[in-house]
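Me: I'd like to learn how to read a structure like this one. Could you walk me through it?

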Amino acid sequence: MRFENEPHPILEMQLSNKFLSDTPRSSHTVTWNEKSTDIQASFTLFKTFVGTGILAFPIAFKNVGLGLALLSLILIGIASYYAITLLLDVADDKQNKSERVSYRKLAFEQLGYAGLYSFEIAITALQISNCVSIFILTSQFLDHAFCDYDIELLCRNNYFKIPAFLLVTIPLSFMKDMRIFNIPGTLSAVLLLVGILAHTFYNVQLLEGDVQSTTEVESHLFEFNFDNLPLFFGVATFAFDGISFIYEVRGSMAQPKNFHSILKYEVILLTIIYGLIPALSLISLRGKPAEILFFSLPIENVWYLLLQ
């Protein structure tokens, strides 16, 4: 006799083989060979959190106003930390902290088929949104490069950009072993951080001796444009998207019990960075930041040009 909410044994067997298998089948699966130190785990977590979202933060800050953006960013940081700790607590009820946890399996164990299918829908939506955001970013970078240098044939040429984008993304979508991206991912993270530091240095140079900077701060600090708040949240979504890797990062640590403290300080540091960089850009550029952070750098400077 079977109860009404009890899964069918055949479906249960198929589910365990297809959906709940620990065999890597998603681009979010990471394979670890050695246990990492707290410092290594901190850098890995930082690398997963800091992404392309920060490049669009200045224009997002402008659209909602500096005051509302800073307040929203703090609330997003608190909510992200709380949500991640909840996910970790749920996993700890089921498995050892050092074991690899599957989101798919965890969703089914906690919520049944509703949780499983919700996870599949959510991960699909996440991957689609990532592709769309990367396409927009790539498109704007290509337009910036081709149009600024008067390459009219390729300037705003969608017939070129779309095939070029698909040529890169389609092969990458079939790669399931994240170790392939260890070196390119680390290099891209380092270059991104160098670019952010260079942009910050440029903004500080603009602010030196600027007597109107205080007025600029006051004028933007009390701007609250609630109509553009959805746009800001759309950008901020990619600021803390390292949530996909929290189980893998903690499982890779030699001392997984230290993960909570690392996570707390990472979220605090990221919230400060995400607030400081766009605010400096907005103030130093007199409320006229470029759509992408690096576009504000002057191309007359050869170092800034190479960075772009």
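**A guided look**

Reply: Let's begin with the inside and the outside: of the 308 residues in the chain, 40% are buried. Buried means under 20% relative accessible area, exposed means over 50%, and partly exposed is in between, using a 1.4 Å probe and protein chains only. This is a predicted model, where local features need pLDDT of at least 70, side-chain atom pairs count only at pLDDT 80 or more, and totals for chains, interfaces and linings use all residues. Residues are numbered from 1 along each chain as its sequence is written, and side-chain values use heavy atoms, with hydrogens and water left out.

Me: How many helices and strands are there in the chain?

Reply: Helices (H or I, at least four residues) and strands (E, at least two) are DSSP runs, numbered from the N terminus. Here the chain has 12 helices and zero strands. Reading along the sequence gives the pattern α-α-α-α-α-α-α-α-α-α-α-α.

Me: Which residues have the most contacts inside the largest nonpolar core?

Reply: A nonpolar core is a set of buried Ala, Val, Leu, Ile, Met, Phe, Trp, Tyr and Cys residues joined through side-chain atoms within 4.5 Å. The largest one here has 55 residues, and Phe57, Phe232 and Tyr274 have the most contacts inside it. Several helices supply at least two residues each, including helix 2 (38-49), helix 3 (57-64), helix 7 (182-207) and helix 10 (246-251). Helix 11 gives the largest share of this core, 10 residues.

Me: Which residues of helix 9 are buried?

Reply: In helix 9 (residues 229-236), look for Leu229, Phe232, Val235 and Ala236, which are buried. Seen down the axis of helix 9, the buried residues fall within an arc of 120° (taken from the directions from the helix axis to the C-beta atoms), so they line one face of the helix.

Me: And where does the largest share of the nonpolar patch come from?

Reply: Patches are made of residues with over 30% relative accessible area and no salt bridge; like charges are joined within 9 Å, and nonpolar side chains (Val, Leu, Ile, Met, Phe, Trp, Tyr) within 5 Å. Accessible areas come from the Shrake-Rupley method with a 1.4 Å probe, and for residues only the protein chains shown count as cover. On this surface, Leu71, Ile74, Leu75, Ile78, Leu221, Phe222, Phe224 and Phe226 form a nonpolar patch with about 830 Å² of accessible area together. Helix 4 (residues 66-94) provides the largest share, four residues.

Me: Are Ile78 and Ile76 buried or exposed?

Reply: Ile78 is found in helix 4 and counts as exposed, at 54% relative accessibility. Ile76 also has its place in helix 4, but Ile76 is buried, with a relative accessible area of 13%. Try finding Phe233 too: Ile76 and Phe233 are 157 residues apart in sequence and 8.7 Å apart in space, C-alpha to C-alpha.

Me: Which cysteines does the disulfide join?

Reply: A disulfide is a pair of cysteine sulfur atoms within 2.5 Å. A search of the whole structure finds one, and it joins Cys147 to Cys155, S to S 1.9 Å. The link is right-handed, with 95° about the S-S bond. Cys147 counts as buried at 18% relative accessibility, while Cys155 counts as partly exposed at 25%.

Me: How many salt bridges does a search of the whole structure find?

Reply: A salt bridge is a side-chain nitrogen of Lys or Arg within 4 Å of a carboxyl oxygen of Asp or Glu. The search finds three. One of them pairs Arg104 with Glu120 (2.7 Å, N to O), and both of these residues are buried. Another pairs Arg156 with Asp143 (3.8 Å, N to O). Arg156 lies in the loop between helix 5 and helix 6 and Asp143 in helix 5, so the pair ties together parts that are 13 residues apart in sequence. Lys161 also forms a salt bridge with Asp143, the closest N and O atoms being 3.1 Å apart. Salt bridges that share partners join Asp143, Arg156 and Lys161 into one network.

Me: What is special to look at in the phi of Arg156?

Reply: Most residues other than glycine have a negative phi. Arg156 has a positive value, near 55°. Arg156 is exposed, with a relative accessible area of 60%, whereas its partner Asp143 counts as buried at 11%.
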